[in-house]
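Student: I would like a close look at a single part of this model. Please give the cut-off behind each term when you use it.

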Amino acid sequence: MFAGGCNVGINVNANKVYFNDNLTYLIEMYQIFQEKELETTISHIENRINEFELSLTNEEGYKKMREKYNEQKNPLDLFVLIAFSFNHQIRFNNNHKFNNPFGRNRSSFNTSMKQNLEKFIIRLKETNICFANVCFNNFDLSFLSNKDFVYCDPPYLITTGTYNDGKRGFKGWTEKEEKELLKTLDNLDNRNIKFGLSNVLEHKGKSNDILKSWIARNQNYKINYLNYNYSNSNYQTLVRDKNASVEVLITNYEPQIPQKDKTLFDDLNF
């Protein structure tokens, strides 16, 4: 199995999982989770929280912690920052400095997150998983067979997410990358390899026409709407809501139970 999202790949039964992301610092964090003892990781996180007196309201402590991470780039410190940052986002500037603002009264390393992290790390250690950090079109997929599955969770072309609102020192996401990824998925389908693609068709009045045209050309692909209100609709006849975001999982097979991804920062169990 090849997984484009660690939280997806780690929750499936597979002999081997390949997780690839071109954000180097994220990969390094996952690798440390995999390598270090669970108790050592939790201890480091809690010690950092105590050292900088991190809380729901201590913005100054957060900024000092952010400065320390940008000086030393300790992968576990990145997790601490994400836990207390706005919307738990991973955001870097063009100089590879983490610059996501403080998540006042919203973000913290609470009991639920700690439990999720512990379960995640335990599962990570139990799973035969390999990490890579290259652009998707540089990842060699030739070894895959029809027994494998590929999941892709690219930056959404028509949204203003962290990864596609400018390169920020990493490779950006444009129409060129969008088309190349869709072509890659077509090639997988031609080889009878199952895939899943997370994306959006509509977002705040914007339309992903590249994605829609691709779907129209491939009638065998299945559109799985992650918002049940759209489950019986055709994307061409959806009511145009200026604030709507039509999120989909596109597959070249019929999924049994479409599910929304769970992350380390959800108040849910794995």
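Tutor: Phe120 lies in helix α6, where helices are DSSP runs of H or I with at least four residues, strands are DSSP runs of E with at least two, and both are numbered from the N terminus. The model is predicted, so local features are given only at pLDDT of at least 70 and side-chain atom pairs only at pLDDT 80 or more, while totals for chains, interfaces and linings use all residues. Residues are numbered from 1 along each chain as its sequence is written, and side-chain values use heavy atoms, without hydrogens or water.

Phe120 counts as buried, at 1% relative accessibility; buried means under 20% relative accessible area, exposed over 50%, and partly exposed in between, with a 1.4 Å probe and protein chains only. From C-alpha to C-alpha, Phe120 is 8.1 Å from Ile10, although the two are 110 residues apart in sequence.

Helix α6 covers residues 111–126 and meets helix α3, residues 38–51. Two packed helices are described by the angle between their axes and the distance between the axes. For α3 and α6 the axes come within 10 Å and cross at roughly 150°. Such axes are lines fitted to C-alpha atoms, for helices over the stretch in contact, and the angles run from 0 to 180 degrees between N-to-C directions. The crossing of α3 and α6 is right-handed, that is, the near helix is turned clockwise from the far one by less than a right angle, and anticlockwise would be left-handed.

On the α3 side, the contact (heavy atoms within 4.5 Å) is made by Leu38, Thr41, Ile42, Ile45 and Glu46. The α6 side supplies Lys114, Leu117, Glu118, Ile121, Ile122 and Lys125. An α-helix has 3.6 residues a turn, so residues three or four places apart point the same way. By class, this contact has 6 nonpolar, 1 polar and 4 charged residues. In that count Ala, Val, Leu, Ile, Met, Phe, Trp, Tyr, Cys and Pro are nonpolar, Asp, Glu, Lys and Arg are charged, and the others, Gly among them, are polar.

Helix α6 also takes part in covering α5. Helix α5 (residues 75–84) is largely enclosed by the rest of the structure, because 10 of its 10 residues are buried. Among them are Pro75, Asp77, Phe79 and Phe84. The cover over the buried residues of α5 includes α6 together with α2 (24–35), α3 and α4 (59–72). At the N-terminal end of α5, Asn74 acts as a cap, with a side-chain oxygen 2.9 Å from the backbone nitrogen of Leu76.

The loop between α5 and α6 comes next, and His88 lies in it. His88 has a phi near 55°, a positive value in a residue other than glycine. Asn105 is in the loop between α5 and α6 as well, and its phi is near 60°, again positive in a residue other than glycine. Most residues other than glycine have a negative phi, and most peptide bonds are trans. Asn105 is exposed, with a relative accessible area of 53%.

Arg104 is placed in the loop between α5 and α6 too and counts as partly exposed, at 40% relative accessibility. Neighbours within four places in sequence aside, Arg104 is in contact with Leu56, Thr57 and Glu59. Its side chain reaches the backbone oxygen of Thr57 at 3.2 Å. The side chain of Arg104 also makes a polar contact of 3.1 Å with the side chain of Glu59. A polar contact is a pair of N or O atoms within 3.5 Å; within protein, one must be able to donate a hydrogen and the other to accept it, and residues adjacent in sequence count only if both atoms are side-chain atoms. The C-alpha atoms of Arg104 and Tyr62 are 9.9 Å apart, with their positions 42 residues apart along the chain.

For context, the chain has 8 helices and 8 strands, and buried residues make up 48% of its 270 residues. Among contacts between residues at least 6 apart in sequence, 69% join residues at least 24 apart.
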